[in-house]
Amino acid sequence: MLKGKVYLIPNIIAENTQDAVIPQQVGVILKDIGYFLAEDVRNARRYLSSLRIYESIASLRFEVLDKDTPGESLADLMKPVFAGQNIGILSESGCPGIADPGALAVKYAHAQGIQVIPLVGPSSILLALMASGMNGQRFAFHGYLPIEQKEAIQVLKQLERESKSKNQTQIFIETPYRNNSLMKILLQTLQDDTLLCVALGVNSKDEDIKTRSVRSWKSDVPGYPKTPAVFLFLAG
């Protein structure tokens, strides 16, 4: 029997935006998928229901794939694909495999000769880079900075040196409740002429994306709500 395929299903990154940002092609493909791997099954069900594709969400099968999923469990999670069934991998937000545990299943699929098909959808990381005005030909995404302040400062100084020497945009994210504390560290650590972009609530009705020099930010430091944000900087 032919193997099924693994589809990487994009999710929304802001509430109630599915009609605007999820392409029609995704809905067409989803109609033929009844088995999903997702970080949070409840949220995955809610998202698929909002797309109004299935007559009954209850008929769909879900298994958890998150950062705590052991590698040895992937063989069981991926069993349906060897029986010819297509599998959908859902991220909690945005695109699977980008700052997302879906990469674990994708890696396994490639090792087993299973076709992987990424579908178009929103990525806050790429959208923030597009809107930042920074170098889009040479950039690096670093995920989360260390929580401990001293270590975070050391990492930022190193990334700033790399940014200047390579003309490279540095990109990272933070837990929403730490937005303000991170901004404080950034302004204390980065050089005044370094460009800093804060992309807040990307794709949402309250989207706010601004790029200014660190010097300019220091003269007017905003207070940020507990909203998902992407931070980018480019040293001059």
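Select Gln170 and show everything in contact with it, contact meaning heavy atoms within 4.5 Å. Leaving out residues up to four places away in sequence, Gln170 touches Ala140, His142, Leu159, Glu162, Ser163, Phe231, Leu232 and Phe233. The model is predicted, so local features need pLDDT of at least 70 and side-chain atom pairs count only at pLDDT 80 or more, while totals for chains, interfaces and linings use all residues. Residues are numbered from 1 along each chain as its sequence is written, and side-chain values use heavy atoms, with hydrogens and water left out.

Stay on Gln170, which lies in strand 7 (residues 169-174). Helices (H or I, at least four residues) and strands (E, at least two) are DSSP runs, numbered from the N terminus. Gln170 is buried, with a relative accessible area of 0%; buried means under 20%, exposed over 50% and partly exposed in between, with a 1.4 Å probe and protein chains only. Now display polar contacts: pairs of N or O atoms within 3.5 Å, where within protein one must be able to donate a hydrogen and the other to accept it, and residues adjacent in sequence count only if both atoms are side-chain atoms. The side chain of Gln170 has one such contact with the side chain of His142, at 2.9 Å, and one with the side chain of Gln168, at 2.9 Å.

**Helix 8**

Select residues 149-166. Helix 8 has 18 residues and reaches 25 Å from its first C-alpha to its last, close to the 26 Å expected at 1.5 Å a residue; the expected span is 1.5 Å times one less than the number of residues. Colour Ala152, Leu156, Leu159, Glu160 and Ser163, which are buried in helix 8. They cover an arc of only 105° around the axis, so they sit on the same side of helix 8; the arc is that of the directions from the helix axis to the C-beta atoms. An α-helix has 3.6 residues a turn, so residues three or four places apart point the same way. Turn to the other side of helix 8 to find Lys150, Arg161 and Ser165 exposed.

Add strand 6 (139-144), strand 7, helix 9 (179-189) and strand 10 (229-234), which are among the elements that cover the buried residues of helix 8. At the N-terminal end of helix 8, Glu148 acts as a cap, with a side-chain oxygen 3.2 Å from the backbone nitrogen of Lys150. After helix 8 comes Asn167, with a positive phi near 55°.

**Phenylalanine rings**

Next, show the aromatic side chains. The whole structure holds 3 aromatic pairs, where rings of Phe, Tyr and Trp (its six-membered ring) pair if their centres lie within 6.5 Å, and planes under 30 degrees apart count as stacked, over 60 as edge-to-face and the rest as tilted. Phe172 and Phe231 have ring centres 6.0 Å apart and planes at 10°, so this pair is stacked. The pair links distant parts of the chain, with Phe172 in strand 7 and Phe231 in strand 10, 59 residues apart. Phe172 and Phe233 form an edge-to-face pair, 6.0 Å centre to centre with 70° between the planes. Here Phe172 in strand 7 and Phe233 in strand 10 are 61 residues apart. Ring pairs link Phe172, Phe231 and Phe233 into a cluster. Phe172 is buried at 0% relative accessible area, Phe231 is buried at 0%, and Phe233 is buried at 0%.

**Nonpolar cores**

Move to Ile9, Leu30, Phe36, Leu48, Tyr54 and Leu90, the residues with the most contacts inside the largest nonpolar core, which has 21 residues. A nonpolar core is a set of buried Ala, Val, Leu, Ile, Met, Phe, Trp, Tyr and Cys residues joined through side-chain atoms within 4.5 Å. Strand 1 (6-9), helix 2 (24-30), strand 2 (35-38) and helix 3 (41-50) each supply at least two residues of this core. Centre on Leu30: leaving aside neighbours within four places in sequence, Leu30 is in contact with Ile9, Phe36, Leu48, Leu51, Ile53 and Tyr54. Apart from this core lies another, of 19 residues, among them Leu196, Val198, Leu200 and Ala229.

**Two loops**

Select Ser91, in the loop between strand 4 (87-90) and helix 6 (102-111). Ser91 is buried, with a relative accessible area of 5%, and its side chain reaches the backbone oxygen of Ser93 at 2.9 Å. Beyond four places in sequence, Ser91 is in contact with Ile9, Asn11, Glu39, Pro96 and Asp100.

Finish at Ala14, in the loop between strand 1 and helix 1 (18-21). Ala14 is buried, with a relative accessible area of 8%. Not counting residues up to four places away in sequence, Ala14 touches Val202, Asn203 and Ser204.
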